[in-house]
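Open the structure in your viewer and follow the stops below. Each one says what to select and what is there.

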Amino acid sequence: MAKEQTIPVVDLRDFTGGDEEKRNRFVQELGDALAEYGFVAVEGHGVPRDLIYENYSNFQRFFELEEDTKKKYEDAENGRRRGYTSFGVEHAKDSKKPDLKEFFHLGRDLAEDHPLSKRVVANIWPEEMPELRTKGLKLFEAMDTCASKLLEAFSIYLGQEPSYLPSMSEDGSSIIRVIHYPVCEGFDEPGVMRAAQHEDINLMTLLPESTASGLELLTREGEWLPIHAIEGQMIVDTGDMMRRITNTTIPATTHRVVNPDGAPTPRYSMPFFVHPHPDAMLEVLESCIGEGEEAQFEPITSEEFLMERLREIGLKK
């Protein structure tokens, strides 16, 4: 029997191709789910499943390379914002124990004459595997398109113009993080897991179906709720940047990836972290300040906020 999802499920086609009633209902259901859970499952997202699994297959071969080969593509000086990050480097903000994972970052390729080309970290492509660039950028484009539609709908929910959030993320520092959670020692060590509890840094995260389950969110009641990896669903959550601009009305929900039960198997996932333009000002929206309330956060640029967080999780000194 197929698993039933544990969080609300919406269909993006209701927004992109539906009538006014369906569009309005989608906006409300998307926003209400994110306001309540910080998470929602999206069907009809338009990212081809074969493209997702081509990238899983390609990156599985990359992670199987020798350690010395992979480490050629690790850029600690730039906070590992592109290229490879070794196993055991990253830890959750409030944990000193490293997560049981290795990963690879890729972002948008900017032309040399682009105004941001000197400020946005350039991609790092392994010379041994040119297919990583070809298929990786196709996936980035598909995920970026999907994200823009979701941000448009969510802008409407927040009482803003439809272009508000999409324009903030246009040419932004969004990245795909391809994660490999290997079978390894440490599953039984107290406090160590594939990804310790944390909140995302960015505006919104899109997670295409992972190769195995393991993701859990922390509910308002303090209980861990498993989120299933279901074919055709994109798991979407909001991060600290969204929490900040909405004055905490939209949560950055704590979540984790638990160690496997029974005979362990590897797990691969590819979250797409939607980041704003580096100069985008993270400023509390007036529409999110209730009567008698005040803004809880001072304005800060997205780049300043990102650098602060990268230091907290061990990716940048």
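**From the surface to the core**

Begin with a surface over the whole chain of this predicted model. The accessible surface is about 14900 Å², and carbon and sulfur atoms account for 46% of it.

Next, select the charged side chains. There are 35 positive and 59 negative charges, and the mean positions of the two sets lie 5 Å apart.

Switch to a C-alpha trace. Along the principal axes the trace spans about 55 × 55 × 40 Å. The radius of gyration is 19 Å, which agrees with the value near 20 Å for a compact globule of 317 residues.

Now show the cartoon. The chain has eight helices and 15 strands. Of the contacts between residues at least 6 apart in sequence, 77% are between residues at least 24 apart.

Colour by burial. Of the 317 residues, 53% are buried. Within the chain, the largest nonpolar core contains 80 residues. Select Leu150, Phe154, Ile176, Met204, Leu206 and Met242, the residues with the most contacts inside this core. Then select helix 5, residues 131-157: this helix contributes twelve residues to the core, the most of any element.

Finish at Leu206 and show what surrounds this residue. Which residues is Leu206 in contact with, leaving aside its neighbours within four places in sequence? Select Met143, Cys146, Ala147 and Leu150 for one part of the set. Add Met234, Ile235 and Val236. Met270, Pro271, Phe272 and Val274 complete the list of contacts of Leu206.

Key. Residues are numbered from 1 along each chain as its sequence is written. This is a predicted model: local features need pLDDT of at least 70, side-chain atom pairs count only at pLDDT 80 or more; totals for chains, interfaces and linings use all residues. Side-chain values use heavy atoms; hydrogens and water are left out. A nonpolar core is a set of buried Ala, Val, Leu, Ile, Met, Phe, Trp, Tyr and Cys residues joined through side-chain atoms within 4.5 Å. Buried means under 20% relative accessible area, exposed over 50%, partly exposed in between (1.4 Å probe, protein chains only). Helices (H or I, at least four residues) and strands (E, at least two) are DSSP runs, numbered from the N terminus. Contact means heavy atoms within 4.5 Å. The radius of gyration is taken over C-alpha atoms; the globule rule is 2.2 Å times the number of residues to the power 0.38. Accessible areas come from the Shrake-Rupley method with a 1.4 Å probe; for residues, only the protein chains shown count as cover. Lys and Arg count as positive and Asp and Glu as negative; His and the chain ends are not counted. The place of a charge is taken as NZ of Lys, CZ of Arg, CG of Asp or CD of Glu.
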